[in-house]
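Here are a few exercises to work through with the model open in your viewer. Try each task before reading its solution.

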Amino acid sequence: MLSGEGTRGHLSRTGRPLRTWPTSATALAGVIGDPVEHSLSPALHNAALVDLGLDWAYVAFPVRAGRGEAAVAAMAELGIRGLSVTMPHKAAAARACQRLTPVAERLGVVNTVTNLGGYLVGDSTDGPGFLDALTDQGWGPTGKHCLVLGAGGAARAVVLVLAEAGASRVGVVARRPEQAQEAAALAGEAGTVGSIDSADDADLVVNATPVGMAGVEGDRPGDLPFGLEPKRLGPGQLVVDLIYAPATTTLMAQARARGAETCNGLGMLIHQAARQVQIWTGRSPSVEVMSAAALRELGKRAEQGTLGDLPQLREPNGSL
Ligand code: NAP
């Protein structure tokens, strides 16, 4: 039995919190970020941990920019079992780890830190989470032409995982050519700096820019990333937007209207979190339970009018 496994008796039958939980045996995990108060991660992770019946708790730690490395190093002393890492700490967290998985090593950033008895291992579950979301759509990259819009942290994770999963071509479109080149290089021979006009030739188009999120500076409602012409989208294509609020972006609506299949970024968000739970606890969480928790939380925020408070996942150095 894993330590931390057992009944998590934090709610009474009436649903009221019990004073006996958490206890000194409760295992702790969390997310560090700045800002972090609007993170969906506590809702997703706690739903999974409760469902698994584990005596674990997951909290949000606001950690100021520049203090990420110290915060991650401290988890070894505090016995924090796992940390999710979000902006702006992903590169700093990688520096604080004693070992990086090969994917984290390639990307130079981590979104997951695991404390193995004081030995910190950094990993990145964003790319695999994205691939899981494609699998949910019944879509696989083998032999496919993929076009990734954007070259920041999310785009880099997507480019790498698409190439590793056998895409024949991975084009990257970005406004800074050197950034596009660097991201495309992650795909090895399959990687190219793409043109937005090659979208009509792509089997998969992924928006990994914030264009389409409410309130993005310089983004006019109705704009598509890089001035993409909707006529370039159509049947036989899958168009994925990594944005999940709003649930349907203008890009997705335009693509759907022209017969393309679409999906938003919620599946990726849920799957990357599910992989973290699996890494930390050794147990497979229910993706359905996590999805339901995410939708409940997003619904609550929509009602309260606080959806726009979701942070844009941007790091000052352009990494995820
Ligand atoms: P990032 O590291 O800041 O990268 C953003 C990329 O978009 C950069 O290449 C940036 O170019 C480009 N960009 C920004 N504004 C643009 C504009 N108006 N026109 C064209 N390109 C523009 O951010 P990120 O962490 O990769 O996140 C990108 C998107 O993915 C965000 O919408 C984020 O919410 C989403 N995301 C979703 C998940 C998920 O689990 N669903 C996970 C991570 C990220 P410059 O460098 O030139 O500014």
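Strands (E, at least two residues) and helices (H or I, at least four) are DSSP runs, numbered from the N terminus, and two strands pair if DSSP finds at least two bridges between them. The model is predicted: local features need pLDDT of at least 70, side-chain atom pairs count only at pLDDT 80 or more, and totals for chains, interfaces and linings use all residues. Residues are numbered from 1 along each chain as its sequence is written.

**Exercise 1.** Find the bridge partner of Val205 in E11.

Solution. Start with the strands: E10 (residues 204–207) and E11 (residues 238–241) pair in the parallel sense. Four bridges hold that pairing. Look up Val205, and the partner in E11 is Val239.

**Exercise 2.** Follow the chain from E11 to E12 and give the handedness of the unit.

Solution. First, three bridges join E11 to E12 (residues 261–263), again in parallel. One pair to look up is Val240 with Cys263. Next, add helix H8 (residues 250–257): E11, H8 and E12 make a right-handed β-α-β unit. Right-handed means that, with the strands pointing away from the viewer, the path from the first strand over the helix to the second runs clockwise.

**Exercise 3.** Are the two faces of E11 buried or exposed?

Solution. Take the cut-offs: buried means 20 or more other C-beta atoms within 10 Å of a residue's own, exposed 12 or fewer, partly exposed in between, with C-beta atoms placed from the backbone. In a regular strand the side chains alternate between the two faces of the sheet. Now sort E11: Leu238 and Val240 on one side, Val239 and Asp241 on the other, are all buried.
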